[in-house]
Each structure stands twice: as structure tokens, then as C-alpha cells.
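Colleague: I would like to learn how to read a protein model. Could you take me through one, feature by feature?

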Amino acid sequence: MESALIDSRTSLKAICSRKDLFEGVQTVGHAVSGRSALPILSHILVQSEGESLRLSATDLELSISLTIPARIEEEGGLTAPARLLTELLNTLPDADLALSVDRSHAVRLHCERSDYKLLGLPAEEYPRLPEVKDTNRFVISQSLLREMIKQTSFAVSTDEARAILTGILMVFEGEMLRFVATDTHRLAVRTAKVKEGHGAQQAIVPARAMNELMRILNDNEGDVTVCLSENQVLFVTPDGISLISRLIEGQFPNWQRVIPTQRLRRLTLQTLPFQRAVRRASIVARNANHRVILRTLDDKLTITAESSLEGVAYEEVEVVREGDDLDIAFNARYLLDVLSVIEEEGLYLDLTEQLKPGVVRPILPESEENAGDYLCVLMPMQIP
């Protein structure tokens, strides 16, 4: 394939699938800086690497890199504006695409009858991605890692004034891995075994990096390799995608003391009926600080909400109760966040007193009891 626009003086010339390039650009594009004083950080770096093209992007906090198959006709590199390149690739025909760059750093694309010239910047000026040593390293299945992120990321704080809480604490030691997240109103803790590992380290990974990683991961088979250094973490997926993130500096709060050491009451509930009831009641609770009140009576649990603007909600679900009856109020949004990430059919809601934290735990099948555990601590609300 030849393009009428391709200059003979090129430092990179390659042919690849339009689809592969588009999907790769979409993936690494999530690391592109939208508000940076450095114009080159709004670009994607494309380099030849053997019989592949390596695509990279960074905002100096988060970096994503991957390779796509290509026929390399001339080795080199280029940069192209991420947004413009993504929009263009999305509309080009689904065919082979010729990619090249000339000495003025102009990027040329030719796909069937389409020819485009995009103004790039010197590839040699693009920041080098960090190198992360494998002193502390472990391997974990991507489906399990994705589940761990999903079950904790909702509890991360969005308050930039408390930067230490805007990430997930990763505690790695030998065979065990623990994720912890809190915004002071709730605390989510997920523990699991890794497949192999050496070293030990605690690190706070920004929520943005974890959310981008969860977007990349899927439930297919395959393992993720994780390397931790003093101030960076590297994740390498089964598909060969590398995500590097700067760690958040500082001391994570003593989260263990937030978890109640005893329970006076335990409610055993079916997850889905409870979730649906809370979701319906939350509609009325929206203008009442999202407050829903749980009351036990024999083998029933009532869920109520009252708003002077919306009216009254009443729901009733079956419950197995251990301990005395209790009235307690929770934020419906917080309850729904944790209920939405529990895949097990049943759960425990452990309680002590009306104004003491409650703990939600899934009921694990016997075959999975040694696979790890999960809990979410919820702070209660005042009952008016």
C-alpha cells in the first residue's frame, strides 16, 4: 500500500490494522493529560519495536503502554495528538493503514482512499516512561484483581484535601494481598492469596490508576504481574498492556481500629431482595440526606424512608436475626455501593448499637472460604 502523501524522508514507516491501532490508541489515551503545560503530553508516542508498534501515553503520574502487530518498513518513532488521532481512526475504513512521519514531524496516515496529515512533535522529546524494579513482585489472576478493585474503589475519598485517602492501600506480604479504601464514612477491605510473590510492601495507589486498570482487565483467564518500587507500581496484563502509576506518599490511617471487634446482633439476608428494597426506598430518601432506617421485628426487616418533599417509603424483607431487635439508619447510597459488588446470594449485617458502625460481609460457599475475605464497615446516621 502506498500513499500519495508519504514523503520519502521518513523516520518511521509501518503498516498495521486500523482496528488494532484504534483500540490501542483508545486504551493508552486514558493516560493522556488534558490540562498540562507541556503540549507533548497531549500526544501519543508511537515507536517501532521488532515486528510491532509500541503505543505509549503519560501525564507523568499515570503511564499506559502496549504493542500492536505491524509490518515495519522503516524503524523510528512519532507523536500525534491523542484526541485528533482517536477521532480520525474511529471514522476511517476498517482496513490496513499506512503510518509514517517526515522530518518536520508531520504524521501521515493513508487508509484505502483516505489521506491525512497530522502535525506531530519530535518523538525524542516525549518523556521516558518510569522503570519499576521487581524487588517486590507478585502474580495474581486478572479476574481476582479486577474483583478486588471493584469491591474497594467505591469507598475511596474524592476529597483532594485528604490526598492520602484518594487511593487504595495495597498491602502485600508473601502470599497475601489486601486492598483497603476509606472516605471516613465507610471502609472496604478485601483480602486474597496471590499465585506467587516475593517481598513485602505497603503502597497507596491512586484511585484513578486503579479505575483505569479495572477498565483494562476482564474476567478471562490470565495473570497480571505486579511490581512495586519505592514510589511507582507496575501492572502488566495478560495482553501485554503495561500500566505504571506514581504512588501516593504518606501514612494511611490505622484502618484496623475502625472494624468492630464484637457484634451483639447479626442479620442474615438474601442479597438481591435486600438490594432491590434499598434501591426502591432510596428514591424517596434522596431529599432526606439519603437516610433509610432498618428495623427488625421477628423474622422481618423493614426498610423505611421519609421525606417532607417526596413522601414515605416502606419495604419488608425476610431476615434471620441473632440478638435483640434494633433500629439503625444508614446512607442508602453507601448501602447500595457495597450491595452492588457482592455476588454471593447471601450476606451478614453485623451490628452492635444504634450509633455504632455496621459491618457487611458476604456469605461465602464452603469451597471458597479459604480464597480470601471481604467486609465493608458503614457508619450509621442519626435517626430523627
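Modeller: Happily! Let us begin with the vocabulary: helices, of at least four residues, and strands, of at least two, are runs assigned by DSSP and numbered from the N terminus. Keep in mind that this is a predicted model. With those terms we can place D298, which sits in the loop between β20 and β21 (300-307).

Colleague: What is the phi of D298 near?

Modeller: First the general idea: most residues other than glycine have a negative phi. D298 has a positive value, near 60 degrees, and it is not a glycine.

Colleague: Is D298 buried or exposed?

Modeller: Exposed means over 50% relative accessible area. D298 has 53% relative accessibility, so it counts as exposed.

Colleague: Now a second residue: where is N289 placed?

Modeller: N289 belongs to the loop between α5 (271-285) and β20 (291-297). Its phi is also a positive value, near 60 degrees, in a residue other than glycine. With a relative accessible area of 52%, N289 is exposed.

Colleague: Let me step back to the whole chain. How many helices and strands are there in the protein chain?

Modeller: The protein chain has six helices and 27 strands. Its C-alpha trace spans about 85 × 50 × 40 Å along the principal axes. Of the 384 residues, 52% are buried.

Colleague: What share of the exposed surface do carbon and sulfur atoms supply?

Modeller: They supply 44% of the roughly stated total, which is about 19100 Å² for the protein chain. As for charges, the mean positions of the 41 positive and 56 negative ones are 4 Å apart.

Colleague: What share of the contacts join residues at least 24 apart?

Modeller: Taking contacts between residues at least 6 apart in sequence, 67% of them join residues at least 24 apart.

Colleague: Now strands, please. How many bridges join strand β8 to strand β9?

Modeller: To read a strand pair, ask which strands are joined, in what sense, and which residues stand opposite each other. Strand β8 (residues 106-111) and strand β9 (residues 114-119) run antiparallel and are joined by six bridges. C111 is opposite S114 in β9. The two strands form a hairpin with two residues between them, and E112 in that turn has a positive phi of about 55 degrees.

Colleague: Which residue is the bridge partner of T268 in β25?

Modeller: The partner of T268 there is Y348. Strand β19 (residues 265-270) pairs with strand β25 (residues 346-351) in the antiparallel sense over six bridges. Three bridges also join β19 to strand β23 (residues 320-322), and these run antiparallel too. In β23, R266 has E322 as its bridge partner.

Colleague: Why is strand β15 largely enclosed by the rest of the structure?

Modeller: Look at how many of its residues are covered. Five of the seven residues of β15 (residues 200-206) are buried, so the strand is largely enclosed by the rest of the structure. β15 and strand β11 (residues 167-173) run antiparallel and are joined by seven bridges. Within this pair, V171 stands opposite Q202 in β15.

Colleague: And the interior? Which residues touch the most other members of the largest nonpolar core?

Modeller: In that core of 107 residues, F235 and F274 touch the most other members. A second, separate core has 15 residues, including L169, V180, V189 and I204. Going back to F235, its contacts beyond four places in sequence include L145, M170, M210 and L243.

Colleague: One more pair to try. Does A332 count as buried or exposed?

Modeller: Buried means under 20% relative accessible area. A332 has 1% relative accessibility, so it counts as buried. A332 is in helix α6 (residues 332-339). Not counting residues up to four places away in sequence, it touches V278, S282, H290 and V292. The C-alpha atom of A332 is separated by 14 Å from that of V377, 45 residues away along the chain.

Colleague: And what is the relative accessibility of S52?

Modeller: S52 has 19% relative accessibility, so it counts as buried. S52 lies in strand β3 (residues 52-58). Beyond its neighbours within four places, its contacts are Q47, T67, I68, P69, A70 and I72.

How values were computed
Residues numbered from 1 in each chain as written. Predicted model: local features only at pLDDT ≥ 70, side-chain atom pairs only at ≥ 80, totals over all residues. Heavy atoms only, no water. Buried < 20%, exposed > 50% of the residue type's maximum accessible area, 1.4 Å probe, protein only. Contact = heavy atoms within 4.5 Å. Areas by Shrake-Rupley, 256 points an atom, 1.4 Å probe, with all protein chains shown as cover. Lys, Arg positive; Asp, Glu negative; His and termini not counted. Charge placed at Lys NZ, Arg CZ, Asp CG, Glu CD. Pairing = 2+ DSSP bridges. Core = buried A, V, L, I, M, F, W, Y, C linked by side-chain atoms within 4.5 Å.
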